[in-house]
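The following note is offered to a colleague who has not yet examined this entry. Its points are numbered so that each may be checked against the structure shown below.

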Amino acid sequence: ADGVLAAMTGIHKPVTARLAGKGDWAKWDGTFVGTLGGQQLANVAITDRNGHFQVKGATSIAQLIPGQMARLLGPVTMLDLSGDFAQRRAALRGTVTSDTLNLTTKGTVDLGQNRFDDLDVSVALLKPAQLAKNLSADGLTAHFTLNGPFKSPAVDYDIAAARVTINDIVLNQLRARGQVTMSAKGYLAPLHATVARITFMDSVAGG
């Protein structure tokens, strides 16, 4: 709780973790179990079959993440991820789900070159109010495609919603697209958005 990892992460609760398994390179079955401050952090099954691996189980990783992202992950986050690992390249696919979001991913992470190759991430937000109390939405989804180095990937995004309500302003048929460019200095996110109709505003602006 007060050692090097606590100083690096800012987490000062006692952490216990155990990774155990049996098998060989062709067939391996294991588990990862962890607690944080006496509360369950992870209970995950891990398997490998000749380089095809799967990670599946329940986590409470929101305890490790501050702010809005923790609220999106919810008290319990379920992992169901699999992939094929060869020559330091992992072809990934799977889901991350909670009571607030559904996330699916598919693509390649190159650990040899430290880069993303067409890594697609799709998110359906089930409880938008977790982002902001004055926000509600129907059918709010986002799709991202990551390419390039880990430190400065290009991220294509496509965000859509049948309806978004912010306080008394209602946006119907929202669609936003663009490409975020990241660098050591920050990120640039051009916005190209359309809205079919705006209601509950001043009559002139609403029209």
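1. Leu5 is exposed, because its relative accessible area is 63% and the exposed class begins over 50%. The model in which this value was computed is a predicted one. Leu5 belongs to helix α1, which covers residues 4-9. Together with Val4 and Met8, Leu5 makes up a nonpolar patch on the surface, and the accessible area of the three residues comes to about 380 Å². As a general matter, nonpolar side chains in soluble globular proteins tend to be buried together.

2. A nonpolar core is also present. The largest such core has 20 residues, and the members that touch the most others are Leu119, Leu146 and Val164. At least two residues of this core come from each of β7, β8, β9, β11 and β12. The greatest contribution is that of β8, with 5 residues.

3. The surroundings of Val164 deserve a closer look. When neighbours within four places in sequence are set aside, Val164 is in contact with Leu135, Ser136 and Ala137. The same list of contacts for Val164 continues with Ile169, Val170, Leu171 and Leu174.

4. How many salt bridges does the structure hold? The count is 9. In general, side chains of opposite charge can pair when their charged atoms come close. Three of these pairs are taken up in the points below.

5. One salt bridge joins Asp99 to Lys127, with 3.5 Å between the closest N and O atoms. Asp99 sits in the loop between β6 (89-97) and β7 (101-110), while Lys127 sits in the loop between β8 (115-125) and β9 (135-138), so the pair ties together parts 28 residues apart in sequence. Both partners are partly exposed: Asp99 has a relative accessibility of 39%, and Lys127 has one of 37%.

6. A second pair consists of Asp158 and Arg177, whose closest N and O atoms are 3.7 Å apart. This pair links distant parts of the chain, since Asp158 lies in strand β11 (residues 154-166) and Arg177 in strand β12 (residues 169-183), 19 residues apart. Asp158 counts as partly exposed at 22% relative accessibility. Arg177 is likewise partly exposed, with a relative accessible area of 43%.

7. Which residues are joined into one network by salt bridges that share partners? They are Arg89, Asp110, Arg115 and Asp117. Within this group, the side chains of Arg115 and Asp117 meet in a salt bridge of 3.0 Å, N to O. Arg115 counts as partly exposed, because its relative accessibility is 29% and the partly exposed class lies between 20% and 50%.

8. Two residues merit a check of their backbone angles. Arg88 is not a glycine, yet has a positive phi of about 65°. Arg88 is found in the loop between β5 (77-86) and β6, and is exposed, with a relative accessible area of 51%.

9. The other residue is Asn114, also not a glycine, whose phi is positive and near 55°. Asn114 is placed in the loop between β7 and β8. Is Asn114 exposed or partly exposed? At 43% relative accessibility, Asn114 counts as partly exposed.

Technical notes. Residues numbered from 1 in each chain as written. Predicted model: local features only at pLDDT ≥ 70, side-chain atom pairs only at ≥ 80, totals over all residues. Heavy atoms only, no water. Patch = residues over 30% accessible without salt bridge, like charges linked within 9 Å, V, L, I, M, F, W, Y side chains within 5 Å. Areas by Shrake-Rupley, 256 points an atom, 1.4 Å probe, with all protein chains shown as cover. Salt bridge = Lys/Arg side-chain N within 4 Å of Asp/Glu carboxyl O. Helix = DSSP H or I, 4+ residues; strand = E, 2+ residues; numbered from the N terminus. Buried < 20%, exposed > 50% of the residue type's maximum accessible area, 1.4 Å probe, protein only. Core = buried A, V, L, I, M, F, W, Y, C linked by side-chain atoms within 4.5 Å. Contact = heavy atoms within 4.5 Å.
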